[in-house]
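Q: Got a minute to go through this one with me? I'd like to start with an interface.

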There are 6 protein chains.
Amino acid sequence: MSAAYEEHKRMAPERVKVTIITVSTSRYMKASQGIAVDDLSGSKAVEMVKESGHKVVSRKLVNDDKEMIRLEVLRSLYDEGADVVILTGGTGLAKRDVTIESVIPLLDKEMRGFGEIFRAVSYQKIGSPAYLSRALAGTLNGKIIFCLPGSPQAVELALSLILPELSHMVYITGVN
Amino acid sequence: MSAAYEEHKRMAPERVKVTIITVSTSRYMKASQGIAVDDLSGSKAVEMVKESGHKVVSRKLVNDDKEMIRLEVLRSLYDEGADVVILTGGTGLAKRDVTIESVIPLLDKEMRGFGEIFRAVSYQKIGSPAYLSRALAGTLNGKIIFCLPGSPQAVELALSLILPELSHMVYITGVN
Amino acid sequence: MSAAYEEHKRMAPERVKVTIITVSTSRYMKASQGIAVDDLSGSKAVEMVKESGHKVVSRKLVNDDKEMIRLEVLRSLYDEGADVVILTGGTGLAKRDVTIESVIPLLDKEMRGFGEIFRAVSYQKIGSPAYLSRALAGTLNGKIIFCLPGSPQAVELALSLILPELSHMVYITGVN
Amino acid sequence: MSAAYEEHKRMAPERVKVTIITVSTSRYMKASQGIAVDDLSGSKAVEMVKESGHKVVSRKLVNDDKEMIRLEVLRSLYDEGADVVILTGGTGLAKRDVTIESVIPLLDKEMRGFGEIFRAVSYQKIGSPAYLSRALAGTLNGKIIFCLPGSPQAVELALSLILPELSHMVYITGVN
Amino acid sequence: MSAAYEEHKRMAPERVKVTIITVSTSRYMKASQGIAVDDLSGSKAVEMVKESGHKVVSRKLVNDDKEMIRLEVLRSLYDEGADVVILTGGTGLAKRDVTIESVIPLLDKEMRGFGEIFRAVSYQKIGSPAYLSRALAGTLNGKIIFCLPGSPQAVELALSLILPELSHMVYITGVN
Amino acid sequence: MSAAYEEHKRMAPERVKVTIITVSTSRYMKASQGIAVDDLSGSKAVEMVKESGHKVVSRKLVNDDKEMIRLEVLRSLYDEGADVVILTGGTGLAKRDVTIESVIPLLDKEMRGFGEIFRAVSYQKIGSPAYLSRALAGTLNGKIIFCLPGSPQAVELALSLILPELSHMVYITGVN
């Protein structure tokens, strides 16, 4: 690893502000009717982010709806001061899966390697189904957005790749 | 004009809900410091929209900032129930002009004819400077977004084109 | 007009092969059930193309469906030898209007001026509603595709702009 | 693997309808002249698809030509009822290689992971040349299109990744 | 016209540095063989730019070749200090016409109104053939690029629209 | 490996002409002031390209500036006859990193596999930071452009993937 990498690590914020957004029409509909819903993926993400020493500034549940997904991503970044937004769900191939379609147009730079390495590592664990995920990441105005699949296993695997680099990434993304 | 056009006119909502957003860093900075700012273009838009019988659901002042512009457009549509968002300012060629760059990625369909006819009519009035404007319009999930230049004259001209069709447009855009 | 333009006119084919495709879910559904449907726009197009001395190689009625629209455009060009495909309908702002979305990805070069001049001339006749049309044209592999609105009046106006240039356009588009 | 994955597997069609298209100008030219051509890749694909219990609804040989490739893909999906189209050939870096350029504009969602995992597995087998392939996959209106390299070895490797997931993919892609 | 417009006019540079590039394979080939070529469009452009008080920093003749067009545009802007590059030729619908394809990917902002107003004014003069031109303009890093048709008449008409705004445009485009 | 692959290897040029461009604002600024700068990555690339028997036709140092990066890439290919341009630096996530943004619009075909395999191999060596690189490659008019990260280790790893295939790639990319 390079000297620059080591220096960035030192200058990076120790505590990153993170929003977790679960994208799930079924859960959203139930919650809107006052019915309790479990959200194992969202809970897993919250737990892992906190354990790694970062701060969860908000946690949300949204519909598979482009407008709502984008509004909550932007509200998290702008109003709530999140440095990083992690979405789970809606990254598959079904017609209603619109998380990727909602987020890509918002990005300044796509971090293609994230989706690739996530799928490559996932392939080692689960084989062929790994390539069905459209997980991705990118930057918007010095902040970072991750789109992860909706299963708790996928969230756990993705966060094991993200968390060790989170402070570093936030630091380099914000550099002018 | 066709029979379908006349029928659409009859079925269209009489009263459309509109948000007016002024995009101007200088005004936003002053307002943030508690200094009173005039906003002739925003005021002109509010006045004309009301006079034509529609409802102004909110009026905002934002920075030349992609994130803030997008957040306020989406908040207007989703939280405040606007059918139509009209932005004024930030449509020029300077580097800081980002209204067009902020709005295009949000659109489902671009209504290219709007910018064209606006510039063609503007050319009749002011000649060559008319082609410098990047004014545009488009739809998002059954709603409509207009990006107009920042001068009161341009806003007045644009609204003289928009208001006679506003109910009709909202109706046809929302049809599945 | 330039000498090159006059020379192109002389070398252009006198008789261009044209396919007319009407895009209309309601008519398609009725026709699929064996119910007779009128198609004034398609008929108007066929009549005007023939009167101007060109050949209508096929006439079709399709659904507002991306796959079917693209298949019939390509079948017309490739299997039926059409030089030009003229579609009418599905160019508006409603969600089900997908003619433009179907055709744009097929094009090699977009001929932006066509939609612009069509709307500018249309604005002279009908005023503001002119800007609601997304009519466009472009080339694919030396052939030309036009997307026109669905009303007979719009088809008539558009063809009055297209037909005088049709042979010339086909000639220059096919030049390597 | 998640419970949802196991449930999808149960609900997926056992027998998927597949079209195999070989893209090769040299073979197409010979075949057009009545000369017998071998097509080891196409034959390998047919054999493997059948052995895995799926149905080959059509098999085709086309030119390296955007119009023809798109026409045959769409005809397979729309007229012949294929759920899946597998193309082999034309995915390289030469100017005449246009399979990728032909297919990308037709897709609703790209399944980036397929090309990635194919190349990663291929790299384990053949080393650096693996990265020269532009193999990809994506969805169109609830159906799936794969673009594979033209060598029989590549087709065999790709199908060993595709076939175990084929029913599942077709099921989830078609879900609204 | 607004007060801001008048103020910009006052602050704009009086003398803009312009490069004229003629795109023409036939002329380029002849010139490469030492054969004298006329270039009425290029000469017309040079003459009009000078008469309006601006400076022609270089004049070039290039092939219909994406690489060469881009290289000469960038060399003019970067090495020769041009504020504005005006290309003539290669904006039509023939396969070899690649000026538009070469320039669009270089642009930061497209100035759509220029092509529109040029074609609208051209339509008043020559009728339907006006819509065949793909003339366009846009900005790159605070500088401006125009792509005009190859005929002297078109160049004359386009420059009659451009020259009165040239200083103003260069000023506003360079503002941060 | 296929017979075609072996045949291509035989017909490929033994000696490929390569330009190495280092993208680094800090080094460029110093060099512009006459201050000596080290450039370990550029030197590593020159050394490895030469050792593998290819020819370094030029070596350059540029600013993180879209215009300058594009100009030097095109000048290398067009004026200096390079078959291949290798850029190092400016591929990260910081706002000033514009190498990827500069190069992508110039490409005819993107060779996605290169970035993928580079990151996958890099992940084996350094773990998670591997996915932060946006390294990519693609073709322009029969030539090849690579964008590599700026660290000497990354350059060394990337070239260990590139050099064994360089002649072959140049051969197949130039085939019509």
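Q: How many residue pairs are in polar contact across the interface of chain C and chain E?
A: Eight residue pairs, with both residues at pLDDT 80 or more. Keep in mind that this is a predicted model.

Q: Which elements of chain C supply at least two residues each to that side?
A: On chain C, β4 (109-110), α6 (112-126), α7 (152-162) and α8 (166-174) each do so on the side that touches chain E.

Q: Which one gives the largest share?
A: α6(C) does, with six residues of the side of chain C that touches chain E.

Q: And by class, what does that side look like?
A: The side of chain C that touches chain E has eleven nonpolar residues, eight polar and six charged.

Q: What is the count of salt bridges there?
A: Three between chain C and chain E. One of them joins the side chains of E:Arg119 and C:Glu116, at 2.8 Å from N to O.

Q: How many residues are in contact, and how much area is buried?
A: Chain C has 25 residues in contact with 23 of chain E. About 2,100 Å² is buried between chain C and chain E, and carbon and sulfur atoms give 61% of that.

Q: Switching pairs. What rotation superposes chain D on chain F?
A: A rotation of 120 degrees, with 0.0 Å of shift along its axis. The RMSD for chain D on chain F is 0.0 Å. The two copies are thus related as by a three-fold rotation axis.

Q: Which residue of chain D comes closest to the rotation axis?
A: D:Glu116, whose C-alpha is at 3.9 Å.

Q: Do the copies use different surfaces or recurring ones, and what's the percentage?
A: They use different surfaces. Just 13% of the contact residues of chain D recur in chain F.

Q: How many residues does each chain put into the contact?
A: Chain D puts in 23 residues and chain F puts in 24.

Q: And what area do chain D and chain F bury?
A: About 2,100 Å² between them, with 61% on carbon and sulfur atoms.

Q: Which three residues supply more of chain D's buried area than any other three?
A: D:Leu93, D:Lys95 and D:Tyr131. Together they supply 39% of the area that chain D buries against chain F.

Q: What about salt bridges between chain D and chain F?
A: The count is three. In one of them, the side chains of D:Arg119 and F:Glu116 meet at 2.8 Å, N to O.

Q: How many residue pairs in polar contact?
A: Eight between chain D and chain F, with both residues at pLDDT 80 or more.

Q: Which helix gives the most on the chain D side?
A: Helix α6 (residues 112-126) of chain D, with seven residues on the side that touches chain F. By class, that side of chain D has nine nonpolar, five polar and nine charged residues.

Q: New topic: the sheet. What's the strand order in chain D?
A: β2-β1-β3-β6-β5-β4. The six strands form an open sheet in chain D, and the pairing is mixed.

Q: Which are the edge strands?
A: β2 (55-62) and β4 (109-110) of chain D. Each pairs on one side only.

Q: And β5 with β6 of chain D: parallel or antiparallel?
A: Antiparallel, over five bridges. In chain D, β5 covers residues 136-140 and β6 covers residues 143-148.

Q: What is the bridge partner of D:Thr139?
A: D:Ile144, in β6(D).

Note on methods:
Residues are numbered from 1 along each chain as its sequence is written. Chains are lettered from A and ligands numbered from 1 in the order in which they are written. This is a predicted model: local features need pLDDT of at least 70, side-chain atom pairs count only at pLDDT 80 or more; totals for chains, interfaces and linings use all residues. Side-chain values use heavy atoms; hydrogens and water are left out. Copies are superposed by least squares on the C-alpha atoms of residues with pLDDT of at least 70 in both. Contact means heavy atoms within 4.5 Å. Buried area is the accessible area (1.4 Å probe) that two parts lose on being put together, summed over both. A salt bridge is a side-chain nitrogen of Lys or Arg within 4 Å of a carboxyl oxygen of Asp or Glu. A polar contact is a pair of N or O atoms within 3.5 Å; within protein, one must be able to donate a hydrogen and the other to accept it, and residues adjacent in sequence count only if both atoms are side-chain atoms. Helices (H or I, at least four residues) and strands (E, at least two) are DSSP runs, numbered from the N terminus. Ala, Val, Leu, Ile, Met, Phe, Trp, Tyr, Cys and Pro count as nonpolar, Asp, Glu, Lys and Arg as charged, and the others, Gly among them, as polar. Two strands pair if DSSP finds at least two bridges between them.
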